[in-house]
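Please work through the exercises below with the sequence and the coordinates at hand. Each task is followed by a worked solution.

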Amino acid sequence: MDRTIGLGILGFAHGHINAYIEEWKNPEHGIKVVAGWDHDLKRLDAGSKSFKINPYSSTKELLSRSDIQAVVIAAETSMHAELVELAAACGKMIVLQKPMALSMSEADRIVEAVHKHSVPFTMAWQMRVDPQNLQMKQWLESGELGRVFMVRRRHGLPMGLNAEFAQSWHVNPLFNRDIWADDASHPVDFLQFLLGIPETVTAEIASLYNPQIPNDNGIVIFRYPNGPIAEVSCSFTCTAAENTVEIICERGTIVQNYGDVPSCNVPRPEDMEGLKRFDAQTGSWTVSEIGSPSNHGQRIRVLAKPLAEFLRGERGPIATAEEGRASLRMVLASYVSNQEGRRVRLDDPGIDGV
């Protein structure tokens with residue numbers, strides 16, 4: 001497809017949108033951002049001036065433009081379902097920023113709208129296109145390391161230590177659930193991408209620092225039938241780290257370092273490997289040729305290219321609406337487990353009421 005895709009931005013709330021727009025200034029991507037909407041007029045003014053695009057205070061007016069074929073929805077999570085329904089009804093291609101929605105009923109509305117209007121849709125999951133993550137998935141799917149027994153993904157941010165973050169929309173229940181649902185969704189979706197949908201979830205989530213930024217630390221265990229056992233460990237009061245992934249296999253081990261903000265954005269020894277695997281047969285480590293970026297912002301920018309390729313019809317979705325709904329269900333199951341102190345099956349009806 002040679003044509004340039006005209007793009008509208010529905011909400012500038014989620015900061016990742018700024019990185020995508022900056023990357024799309026490169027004409028090679030074939031994306032032209034032409035207009036933006038936001039219910040927050042101050043944020044709309046800042047975004048439209050920064051990127052020199054037309055501002056709209058009405059979603060209807062923006063979506064009525066014939067030169068806009070696609071939208072990126074980066075508004076607050078509570079608005080996702082309604083905005084997807086509006087965009088889909090206008091026949092626009094849709095990129096939706098994480099997390100998908102606040103509840104399963106909202107996620108169902110999104111899936112229904114996408115299918116009812118037959119519009120191309122993708123979730124914007126950075127971890128699904130990260131080169132090192134793709135390498136780990138390829139190593140597992142090749143079968144060279146045998147059965148997978150355990151997977152651990154550590155993920156974090158230091159935002160829970162920032163008093164000003166308590167005033168942001170990310171922790172405002174009118175717009176979002178909390179920092180756990182907001183950002184633990186990344187590694188949870190990564191596990192779905194790597195291993196599929198688990199059978200059960202067991203979680204411990206706590207508010208350990210600032211009560212105004214709830215659920216800032218937690219650990220979730222996902223059990224897959226006949227293995228593996230997988231863990232997501234998240235601290236949003238984390239200032240520094242190194243290791244982000246460990247995968248224990250029958251014939252070796254995979255280790256990744258520097259895969260999140262606390263590990264990627266702090267000084268590290270120049271000779272430290274980002275991704276490597278140990279092969280039991282040879283008794284040696286092999287370091288991946290895929291290096292770690294110098295900062296996490298570079299990892300986020302990597303998503304702009306595959307999103308552009310999706311919108312131009314050159315690849316499929318990064319994650320379908322159904323996959324987005326499944327990841328949300330995995331996250332919400334952790335709330336049920338934590339609240340009720342029990343292991344929760346993914347088909348537990350309690351998840352639908354969270």
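The exercises that follow concern a predicted model.

**Exercise 1. Overall dimensions**

Task: Determine whether the protein is as compact as a globular protein of its length, using the radius of gyration.

Solution.
1. The secondary structure of the protein consists of 12 helices and 15 strands.
2. The radius of gyration is 20 Å, and the globule rule gives 20 Å for 354 residues. The two values are close, so the protein is as compact as a globular protein of that length.
3. The C-alpha trace spans about 60 × 45 × 40 Å along its principal axes.
4. Of contacts between residues at least 6 apart in sequence, 70% join residues at least 24 apart.
5. Buried residues account for 56% of the 354 residues. The protein exposes about 15000 Å², of which carbon and sulfur atoms supply 50%.

**Exercise 2. The nonpolar core**

Task: Identify the residues with the most contacts inside the largest nonpolar core, and state which helix contributes the largest share of this core.

Solution.
1. The largest nonpolar core has 109 residues, and those with the most contacts inside it are Trp24, Phe121, Phe222 and Ile247.
2. Helix 12 (residues 321–340) gives the largest share of this core, with 8 residues.
3. Phe222 serves as an example: beyond four places in sequence, its contacts include Val188, Leu191, Pro198, Val201, Ile229 and Met330.
4. As a general background, nonpolar side chains in soluble globular proteins tend to be buried together.

**Exercise 3. An enclosed helix**

Task: Establish how many residues of helix 11 (residues 304–311) are buried.

Solution.
1. The buried residues of helix 11 are Ala304, Pro306, Leu307, Ala308, Phe310 and Leu311.
2. These make up 6 of the 8 residues, so helix 11 is largely enclosed by the rest of the structure.
3. After helix 11 comes Gly313, with a positive phi near 80°.

**Exercise 4. Two positions within helices**

Task: Decide whether Pro262 is buried or exposed, and do likewise for Asn133.

Solution.
1. Pro262 belongs to helix 9 (residues 261–264). Its relative accessible area is 2%; buried means under 20%, so Pro262 is buried.
2. Pro262 and Gly156 are 106 residues apart in sequence, yet their C-alpha atoms are 6.4 Å apart. Apart from neighbours within four places in sequence, Pro262 contacts Gly156, Leu157, Cys238, Thr239, Ala240 and Ala241.
3. Asn133 is part of helix 6 (residues 131–142) and is buried at 2% relative accessibility. Beyond four places in sequence, Asn133 touches Met127, Arg153, Phe190 and Gln256.

**Exercise 5. Backbone geometry in loops**

Task: Determine where Pro99, Pro228, Lys52 and Asn226 lie, and describe the backbone at each.

Solution.
1. The reference case is as follows: most peptide bonds are trans, and most residues other than glycine have a negative phi.
2. The bond from Lys98 to Pro99 is cis, with omega near -15°. Pro99 is in the loop between strand 5 (93–97) and helix 5 (104–117).
3. The bond from Gly227 to Pro228 is cis, with omega near 0°. Pro228 is in the loop between strand 9 (217–223) and strand 10 (229–235).
4. Asn226 is in the loop between strand 9 and strand 10. Asn226 has a positive phi of about 65° and is exposed, at 74% relative accessibility.
5. Lys52, in the loop between helix 2 (41–51) and strand 3 (54–56), has a positive phi near 55°. The relative accessible area of Lys52 is 74%, and Lys52 is exposed.

Terms used:
Residues numbered from 1 in each chain as written. Heavy atoms only, no water. Core = buried A, V, L, I, M, F, W, Y, C linked by side-chain atoms within 4.5 Å. Buried < 20%, exposed > 50% of the residue type's maximum accessible area, 1.4 Å probe, protein only. Helix = DSSP H or I, 4+ residues; strand = E, 2+ residues; numbered from the N terminus. Contact = heavy atoms within 4.5 Å. Rg over C-alpha atoms; globule rule 2.2 N^0.38 Å. Areas by Shrake-Rupley, 256 points an atom, 1.4 Å probe, with all protein chains shown as cover.
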